[in-house]
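I opened this notebook to look up, step by step, how one helix sits in its surroundings, how some strands pair, and what lies around the ligand.

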Amino acid sequence: MNFEPSFTRYLAAKKSVDDRALNRNVWDAFCRALPMQSPDAPLRVIEVGAGIGTMIERLIARAVLTNARYTAIDLDAANIAELNRRVSSTPDIRIEAHAIDVFDFSARATQTWDVLIAHAFLDLLDVPRALPLLFNLIRHGGLFYFTINFDGATIFEPTIDATFDAEIERVYHSTMRDSQTGRHLVRWLRDAGATIIQAGSSDWIVSGDAAGYANDEAYFLHFIIETMRGALQDRPEFASQRDRLLEWIACRHRQVEQGTLVYIAHQIDFVGRVVGTRTNAEERG
Ligand SMILES: C[S@@+](CC[C@H](N)C(=O)[O-])C[C@H]1O[C@@H](n2cnc3c(N)ncnc32)[C@H](O)[C@@H]1O
């Protein structure tokens, strides 16, 4: 297999997987909860961990944004460069993108936003510590839309060896900060003073056939499998069976090439409002 790792290509390939996965009830509740937008009162949106801007593209394509000022934050300058290549400001939708750590950005912010978006991002963070800092970005009564939060299931079909497959899933999850971020968010959001308007599953489900996979989703799958190899190959749990692990990885790549691999990751979406005790944000108005 000839695999060239590219995070920006992975994020682009992930877009169609996310399009299918995003929970429709949560999306609809988000759209209903948005304040009116007009040229005189544009919606102020901030997205953290925005990657290459696929959520902005989605919100524009689905006509959710009509008059908006959109601030996109990502740590990685290459992602922001790609975002700026993919999406441009228009007279009605002004986009501003910054390559900066979101916590540095939050500490320096001099304004608040109507809506905070974090898509496939929160499960990378120490969420209970991060939420108050992220919520400082939202005005009192503002909305958050937190999507694709991983929640404890990585499924591959067909089974190779049920026991070994389960061990790989277990150890892979143990390499994550919290592999049950999705379910824990229910409590963490409430503890941080938020009200959940709607929550629902947003599982990635990727399957192909003899003709392959939709769009660039074969690349998405190869990237996920390579991410797992990177996370697992030096783990002590596999020290005595490294060749077996690498053969498992190679087998999963072959299944992608044959269009026989099915991949499912369980995730949860949330939309809600921040109504709790305010600190910096309230002072900034
Ligand atoms: C899994 S990617 C998701 C990107 C995008 N939301 C998407 O779904 O296409 C997570 C993103 O978070 C960014 N990131 C990680 N830590 C960050 C931090 N502390 N501040 C800002 N961005 C961060 C990474 O650079 C990466 O682009």
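Entry 1, helix H8. I am working with a predicted model, and I began by looking up which residues of helix H8, residues 181-191, are buried: they are Thr181, Gly182, Leu185 and Leu189. I then looked down the axis of H8 and found that these buried residues fall within an arc of 75 degrees, so they line one face of the helix. I noted beside this that an α-helix has 3.6 residues a turn, so residues three or four places apart point the same way.

Next I turned to the face of H8 that points away from the buried side, and there I found the exposed residues Arg187 and Asp191. What do the buried residues of H8 pack against? I listed helix H6 (127-135) together with three strands, E5 (138-157), E6 (194-201) and E8 (262-274). Following the chain onward, I saw that H8 is followed by glycine 193, whose phi is positive, near 90 degrees.

Entry 2, strand E2 and its partners. I looked up how covered strand E2 is, and I found that six of its seven residues are buried. On one pairing, strand E1 (residues 43-48) and E2 run in the parallel sense over six bridges, and in this pairing valine 48 has isoleucine 73 of E2 as its bridge partner. I traced the chain from E1 through helix H3 (residues 54-61) to E2, and I recorded this β-α-β crossover as right-handed.

I then looked at the pairing of E2 with strand E3 (residues 93-99), where seven bridges join the two parallel strands. Which residue of E3 is the bridge partner of tyrosine 70? I found that it is isoleucine 95, and I also noted that alanine 72 has alanine 97 in E3 as its bridge partner. The chain crosses from E2 to E3 through helix H4 (residues 77-86), and I wrote this β-α-β crossover down as right-handed.

Entry 3, the ligand. How many residues surround the ligand? I counted 18, and the closest are Gly49, Gly51, Leu75, Val102 and Ala120. When I sorted the residues of this shell by character, they divided into nine nonpolar, five polar and four charged. I also looked up which elements contribute to the shell, and I found that helix H1 (7-21) and strand E2 (68-74) each supply at least two of its residues. Strand E2 therefore appears in two of my entries, since it also pairs in parallel with E1 and with E3.

How values were computed. Residues are numbered from 1 along each chain as its sequence is written. This is a predicted model: local features need pLDDT of at least 70, side-chain atom pairs count only at pLDDT 80 or more; totals for chains, interfaces and linings use all residues. A residue is buried if 20 or more other C-beta atoms lie within 10 Å of its own, exposed if 12 or fewer, and partly exposed in between; C-beta atoms are placed from the backbone. Helices (H or I, at least four residues) and strands (E, at least two) are DSSP runs, numbered from the N terminus. The arc is that of the directions from the helix axis to the C-beta atoms. Two residues are in contact if their C-beta atoms, placed from the backbone, lie within 7 Å. A residue is near a molecule or strand if its C-beta atom, placed from the backbone, lies within 6 Å of it. Ala, Val, Leu, Ile, Met, Phe, Trp, Tyr, Cys and Pro count as nonpolar, Asp, Glu, Lys and Arg as charged, and the others, Gly among them, as polar. Two strands pair if DSSP finds at least two bridges between them. A crossover is right-handed if, with the strands pointing away from the viewer, the path from the first strand over the helix to the second runs clockwise.
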